[in-house]
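Reader: I would like a close look at one part of this model, together with whatever surrounds it. Please take it slowly and set out the terms as you go.

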Amino acid sequence: MKQRLVGALVLLSGGVVLWSVLFTGPAAYKVDRRTQIPPAPDIAPVPEVAPQMPEGIAPVETPLLPADDGGNEPEPEVADAATPPVQIADKTKPEPASKPEPKPAPVARESQAPAKPALTADSNLPVAWEVQVASFGQKANADKLKDKLQAQGYKAYVKRVSRAKGDIYRVLVGPKVSQADALQDKRAIEKHFDLKTLLVRFER
């Protein structure tokens, strides 16, 4: 009898659970519909005020400085310190007769065209000159001097010369068609680098 009662209670409990699952839906999700926006503040309108003229300020049409009635004395003019004083000639003394200034001699204009540079006999090219700054047995030393000359703005380069005893490397500046320009570079290089240089003909 006791077992029947326990079984009836179990069946009754299972029926209640099944009934709630089948015929009772989930609880409705409640949404808070209250607004979170604060109420609009009460702002009083600003009254419009017409512009007013400030007191104690003269209008534009009125001159700021009083008119000169003629009673004020004018301020003395200050002479420029760089302007020399004006000398008044004394007409009582006779003026010495001025000698006519000699006219400068007319400068003779060169009518001849500048001389053309000389041409070589073998290649018919202009004769050029260059400055031989130094000669080295190692190319690295020649390149160092070449870089120093180029840093000073000279058109320097290294030329290898083959000899029976071994190759040498000459540091040259140029070439230039004008021998005077080449001499000018020669003097400047000797003064700046404290070297003894040579002026040689440019060989192609």
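Author: What follows is a walk around helix H3 and the elements that it lies across.

Happy to. This is a predicted model, in which local features need pLDDT of at least 70 and side-chain atom pairs count only at pLDDT 80 or more, while totals for chains, interfaces and linings use all residues. Residues are numbered from 1 along each chain as its sequence is written, and side-chain values use heavy atoms, with hydrogens and water left out.

First, the setting. The protein has 3 helices and 4 strands, and along the sequence they follow the pattern α-β-α-β-β-α-β. Helices (H or I, at least four residues) and strands (E, at least two) are DSSP runs, numbered from the N terminus. Buried residues make up 14% of the 204 residues; buried means under 20% relative accessible area, exposed over 50%, and partly exposed in between, with a 1.4 Å probe and protein chains only.

Now the helix itself. H3 spans 179-193 and has 15 residues. From its first C-alpha to its last it reaches 21 Å, close to the 21 Å expected at 1.5 Å a residue; that expected span is 1.5 Å times one less than the number of residues.

Its two sides are easy to tell apart. Ala182, Asp185, Lys186, Ile189, Glu190 and Phe193 are buried. These buried residues cover an arc of only 130° around the axis, which puts them on the same side of H3; the arc is that of the directions from the helix axis to the C-beta atoms. An α-helix has 3.6 residues a turn, so residues three or four places apart point the same way. The face turned away from the buried side carries the exposed residues Ala180, Gln184, Arg187, Lys191 and His192. Arg187 counts as exposed because its relative accessibility is 57%. Its C-alpha atom is separated by 8.5 Å from that of Thr197, 10 residues further apart along the chain.

What sits over the buried side? The elements covering those residues include S1, H2, S3 and S4. H3 lies across S1, S3 and S4, running at about 35° to S1. Here contact means heavy atoms within 4.5 Å, and axes are lines fitted to C-alpha atoms, for helices over the stretch in contact, with angles running from 0 to 180 degrees between N-to-C directions.

The strands under the helix belong to an open sheet of 4 strands in the order S2-S3-S1-S4, with antiparallel pairing. Strand S2 (156-161) and S4 are the edge strands, each pairing on one side only, and the twist averages 40° from one strand to the next. Two strands pair if DSSP finds at least two bridges between them. S1 and S3 pair over 6 bridges, with Gln132 opposite Leu172 in S3. S1 and S4 are joined by 4 bridges, and Trp129 has Arg201 as its bridge partner in S4. On the other flank, 6 bridges join S2 to S3, where Val158 stands opposite Val171. S2 and S3 form a hairpin with 6 residues between them, and Gly166 in the turn has a positive phi of about 140°.

Helix and sheet also meet in the largest nonpolar core, which has 13 residues. Such a core is a set of buried Ala, Val, Leu, Ile, Met, Phe, Trp, Tyr and Cys residues joined through side-chain atoms within 4.5 Å. Val133, Leu145, Leu149, Tyr154, Val171, Val173 and Ile189 touch the most other members. Two or more residues come from each of strand S1 (129-136), helix H2 (139-151), strand S3 (168-176) and H3. From H2 comes Leu145, which is buried with a relative accessible area of 10%. Leaving aside neighbours within four places in sequence, Leu145 is in contact with Val133, Ala134, Phe136 and Val171.

Finally, two backbone details on either side of H3. In strand S3, Pro175 is joined to Gly174 by a cis peptide bond, with omega about 0°. In the loop between H3 and strand S4 (198-201) sits Asp194. Although not a glycine, Asp194 has a positive phi of about 55°, and at 68% relative accessibility it counts as exposed.
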